[in-house]
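Let us take a friendly walk through this structure together. Keep the viewer open and follow along as we go from the overall build to single residues.

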Amino acid sequence: MTRTEQAPLLVRIPNWLGDLVLSLPVLEAAAESPAIFVGPEPFRDLLEPRFPSVRYLATSRAARWAPLPAIRALAPRAALLLTDSLSSAVLAWLAGLPERIGYAAEGRGLLLTRRVRRAGAPRSTARAAEYRQLAAAAGIAPRAEIPALQAMQEESKSARAALGRAGLGGAPYLVLAPGASYGPAKQWEPKRFAQAGAGIARRTGRSIVVVGGPEDREAAARTAREARGAGARAIDLAGSTGLGELMGIVAGADGVVSNDSGVMHLAAAFRRPTVGVFGSTSPVWTSASAPWVTNLYAAYPCSPCYRQTCPIGYGCLRSIAPEEASRALERLLA
């Protein structure tokens with residue numbers, strides 16, 4: 001196949017769920033023309049139903065070059081790299097793509113044909129704005145600045161089934177997300193999550209649904225246990241839902257309290273009242289910015305450090321009181 005103006009644009013999507021959500025306006029604009037998305041297999045369930053005309057090719061750390069034959073056969077006209085990784089640039093170079101657009105990070109500048117200059121120092125500009133800047137370099141004009149999602153029918157159906165199996169039925173609920181796969185420096189204590197949600201749940205007759213991945217089971221179990229101890233009805237679904245079910249659960253929540261994680265960004269994109277708790281990361285760079293979102297950040301002198309663990313006691317997280325989160329959520333719910 002020869003490359004023409006009608007050849008597809010290859011978009012290497014982000015590897016983290018939160019970043020993927022922040023990139024949605026760019027993906028929506030890219031999908032208006034022939035496009036190929038390359039990214040982690042778990043994100044297929046989110047993207048394929050929403051972009052049925054886009055070819056999705058899965059990659060992973062264990063199989064970085066697996067999409068290479070398919071990419072060569074599809075002969076994209078260019079690669080837009082929304083990741084900063086060296087491997088994503090190597091993949092586009094090995095595939096022989098004539099244009100490779102991205103930020104010159106991880107020493108990959110020589111592999112790029114169009115090196116986009118950041119608007120400021122790394123991590124000083126909102127991630128969503130960084131994605132829009134990359135899109136502009138590829139000739140793409142996103143129509144929205146704030147990511148937006150609507151639950152698909154199957155996502156809502158599977159969420160209702162999961163909640164029903166847990167005994168919740170159709171009762172209103174709040175979502176608590178105490179996990180963050182990045183590391184402990186992004187994880188507020190489970191007891192604080194429980195305290196933040198339990199009072200609102202008791203006063204308003206709502207239940208609490210604790211969510212997360214398999215790696216979050218311990219934190220989720222502690223959160224649910226503490227919430228029950230504080231008099232709230234709480235169920236723990238961490239590690240027992242797929243991405244589609246999780247999306248349906250978050251979309252159906254009355255409000256969400258989450259660490260700086262994928263759940264926080266999903267909740268914001270679903271227009272749910274959302275409280276995000278920030279520790280080692282920066283609400284300037286990775287926040288979900290919208291009127292229905294409140295970000296809690298202590299701004300310690302050493303913050304943001306972007307460390308996965310803290311050698312001096314996690315003061316930035318511990319200085320955020322549960323009452324701050326509950327007051328913030330109550331204001332958003334009102």
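Contact here means heavy atoms within 4.5 Å. With that in hand, look up L47, which touches I13, L20, L24, L27, F37 and Y56, leaving aside residues up to four places away in sequence. Please keep in mind that this is a predicted model.

L47 also has a place in a wider group. The largest nonpolar core holds 58 residues, and L47 is among those with the most contacts inside it, together with L27, F37 and V209. Helix 10, residues 243–251, gives the most to this core, with six residues. Another core lies apart from it and has 27 residues, including F193, A198, L296 and A328.

Now step back to the whole chain. The protein has 14 helices and twelve strands. Its radius of gyration is 20 Å, close to the 20 Å that the globule rule gives for 334 residues, so the protein is as compact as a globular protein of that length. Along the principal axes, the C-alpha atoms fill a box of roughly 65 × 45 × 35 Å. Of the 334 residues, 55% are buried. The accessible surface comes to about 14,500 Å², and carbon and sulfur atoms account for 51% of it. If you count contacts between residues at least 6 apart in sequence, 62% of them join residues at least 24 apart.

A good place to zoom in is strand 4, residues 78–81. In a regular strand the side chains alternate between the two faces of the sheet. Strand 4 shows A78 and L80 pointing one way and A79 and L81 the other way, and all of these are buried. Strand 4 runs parallel to strand 1, to which four bridges join it, and V11 stands opposite L80. Strand 4 also runs parallel to strand 5, with two bridges between them; here A79 has R100 as its bridge partner.

What do the buried residues of helix 5 pack against? Helix 5 spans residues 86–94, and its buried residues are S87, S88, A89, V90, L91 and A92. These pack against strand 1 (9–12), strand 2 (35–40), helix 4 (68–74), strand 4 (78–81) and strand 5 (100–103). Just after helix 5, G96 takes a positive phi of about 80°.

Further along the chain, turn to an open sheet of six strands, which pair in parallel in the order 9-8-7-10-11-12. Why is one side of strand 9 and of strand 12 left without a neighbour in the sheet? Strand 9 (234–236) and strand 12 (293–297) stand at the edges and each has a single partner strand, so one side of each lacks a neighbour there. Neighbouring strands of this sheet are turned by 15° against each other on average, direction ignored. At one edge, three bridges join strand 8, residues 207–210, to strand 9, and the two run parallel. V210 stands opposite D236 in strand 9.

Let us end on helix 7, residues 153–165, where Q153 lies. Is Q153 buried or exposed? Exposed means over 50% relative accessible area, and Q153 has 70%, so Q153 is exposed. The C-alpha atoms of Q153 and G248 are separated by 8.7 Å, although these residues are 95 apart along the chain.

Definitions and conventions:
Residues numbered from 1 in each chain as written. Heavy atoms only, no water. Pairing = 2+ DSSP bridges. Axes fitted to C-alpha atoms, helices over the stretch in contact; angles between N-to-C directions. Core = buried A, V, L, I, M, F, W, Y, C linked by side-chain atoms within 4.5 Å. Buried < 20%, exposed > 50% of the residue type's maximum accessible area, 1.4 Å probe, protein only. Rg over C-alpha atoms; globule rule 2.2 N^0.38 Å. Areas by Shrake-Rupley, 256 points an atom, 1.4 Å probe, with all protein chains shown as cover.
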